[in-house]
Amino acid sequence: MSYQDKSYSPQLHMRRPDLENLPPLKLPAGFTIRNHRDGEFTHWTAIINDSFGGERTEHDFQNSMGTDSAHHRDRIFYVFDDKEQPCATASAYGHAPLGYVHYVGTRPKFAGKRLGYWVSLAVLYKFKELGYTNAELDSDDFRIPALKIYLDLGFLPVIVHPNQEDRWRDVAAALKNPKILDAWEYRLPTDATP
C-alpha cells in the first residue's frame, strides 16, 4: 500500500521519548502481575480473543510471539485476579534502544480497573531494565480508553500518515483533552502528501 492510496489508513502511532520518571507499579487490591510461563498460551489467547475478537490458538500464539528474542517469554506479562483468572496482557517487544509495547489487551469483564495501564507500565519497566531508552506502540482510533491509558503513561502522538492530524483531533475531542495536539511529532515519508 502506498501513502497515495486513499484507502490506506494506518493505526495511530505513539512514542514515549524516554523511560525516565515512570510511576510506581502498584496494582489495585486483588490483582497481581507476572511473566508468562511455559504452556500458558491459553492465557494469552483468551485475553486477546476477548479483547479483539477472533479465535486465536496455540499456533497463533507461536506465530505472533514466536521464538525471536524480541518475543522472549519473560517479556510477556499477565495480570491475574485473586482467583488466578488471567485478566490482561501486554508484551515488551523490540530490540534496544527502542521498545515496542505489543498486544495489549484486557478482558471486557475486567474493564474499568485500568489493568491495561498497569500491564503496559510493567512493559515499560521491563524496557528500562533491559537498557532501552524509549518506547512506541500502535493503536486504533476507536480504542479511546486504551489511547487515554497510553497518554497517561507519557506516550505522545506521532503523525505517520497525512490523515492522522484529523484523526488525532477526533481523539482529543473524545477525550476532552486538546493538549494532546500540542505534543505531536511528524514522521511522514517523502511520498506522503495530504
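# Close-ups of a predicted model

**View 1. K128 and its partner E20.** K128 is partly exposed, with a relative accessible area of 36%. (Buried means under 20% relative accessible area, exposed means over 50%, and partly exposed is in between, using a 1.4 Å probe and protein chains only.) Before going on, note that this is a predicted model, in which local features need pLDDT of at least 70 and side-chain atom pairs count only at pLDDT 80 or more, while totals for chains, interfaces and linings use all residues. Residues are numbered from 1 along each chain as its sequence is written, and side-chain values use heavy atoms, leaving out hydrogens and water. Now, what do the side chains of K128 and E20 form? They meet in a salt bridge, 3.8 Å from N to O. K128 sits in helix α3 (residues 115-129) and E20 in the loop between β1 (12-16) and β2 (32-35), so this pair ties together parts that are 108 residues apart in sequence. E20 is also partly exposed, at 46% relative accessibility. (A salt bridge is a side-chain nitrogen of Lys or Arg within 4 Å of a carboxyl oxygen of Asp or Glu; helices, H or I with at least four residues, and strands, E with at least two, are DSSP runs numbered from the N terminus.)

**View 2. A salt bridge within helix α5, and a few others.** The structure holds 15 salt bridges. Zoom in on R169 and E165, whose side chains meet with N and O 3.6 Å apart. How far apart are these two in helix α5? They are four residues apart in α5 (residues 164-175), so about one helical turn separates them. Both ends of the bridge are partly exposed: R169 has 38% relative accessibility, and E165 has a relative accessible area of 24%. Elsewhere, R15, E136, E185 and R187 are joined into one network by salt bridges that share partners. D140 and R143 make a salt bridge too, with their closest N and O atoms 3.3 Å apart.

**View 3. Helix α3 from end to end.** Does α3 sit buried or exposed? Twelve of its 15 residues are buried, so the rest of the structure largely encloses α3. Among the buried ones are Y117, W118, L121, L124 and F127. You can check the length of α3 yourself: at 1.5 Å a residue it should span 21 Å, and its end C-alpha atoms are indeed 21 Å apart. (The expected span is 1.5 Å times one less than the number of residues.) After α3 comes G131, which has a positive phi, near 90 degrees. Also look for R114, which lies over the face of Y117 at 4.6 Å from the ring centre. (A charge sits over a ring if NZ of Lys or CZ of Arg is within 6 Å of the ring centre and within 35 degrees of the ring normal.)

**View 4. Aromatic rings in pairs.** A pair of aromatic rings is described by the distance of the centres and the angle of the planes. (Rings of Phe, Tyr and Trp, the last with its six-membered ring, pair if their centres lie within 6.5 Å; planes under 30 degrees apart count as stacked, over 60 as edge-to-face and the rest as tilted.) How many such pairs turn up in the whole structure? A search finds eight aromatic pairs. One of them is F31 with F110, edge-to-face, at 6.4 Å centre to centre and 85 degrees between the planes. This pair links distant parts of the chain: F31 is in the loop between β1 and β2, F110 is in the loop between β5 (98-106) and α3, and the two are 79 residues apart. F31 is buried, with a relative accessible area of 15%, and F110 is buried as well, at 7%. W184 and Y186 have ring centres 6.2 Å apart and planes at 70 degrees, so this pair is edge-to-face. Here W184 is buried at 17% relative accessibility, whereas Y186 is partly exposed at 44%. W44, F61 and Y103 are linked by ring pairs into a cluster.

**View 5. R107 and H43, two buried residues that both touch P86.** R107 is in the loop between β5 and α3 and has a relative accessible area of 15%. Not counting residues up to four places away in sequence, R107 touches A46, I47, D50, S51, P86 and C87. (Contact means heavy atoms within 4.5 Å.) The backbone oxygen of P86 lies 3.2 Å from a polar atom of the R107 side chain. H43 belongs to helix α1 (residues 41-52), and its relative accessible area is 17%. Leaving aside neighbours within four places in sequence, H43 is in contact with R34, Y78, F80 and P86.

Note on methods: A polar contact is a pair of N or O atoms within 3.5 Å; within protein, one must be able to donate a hydrogen and the other to accept it, and residues adjacent in sequence count only if both atoms are side-chain atoms.
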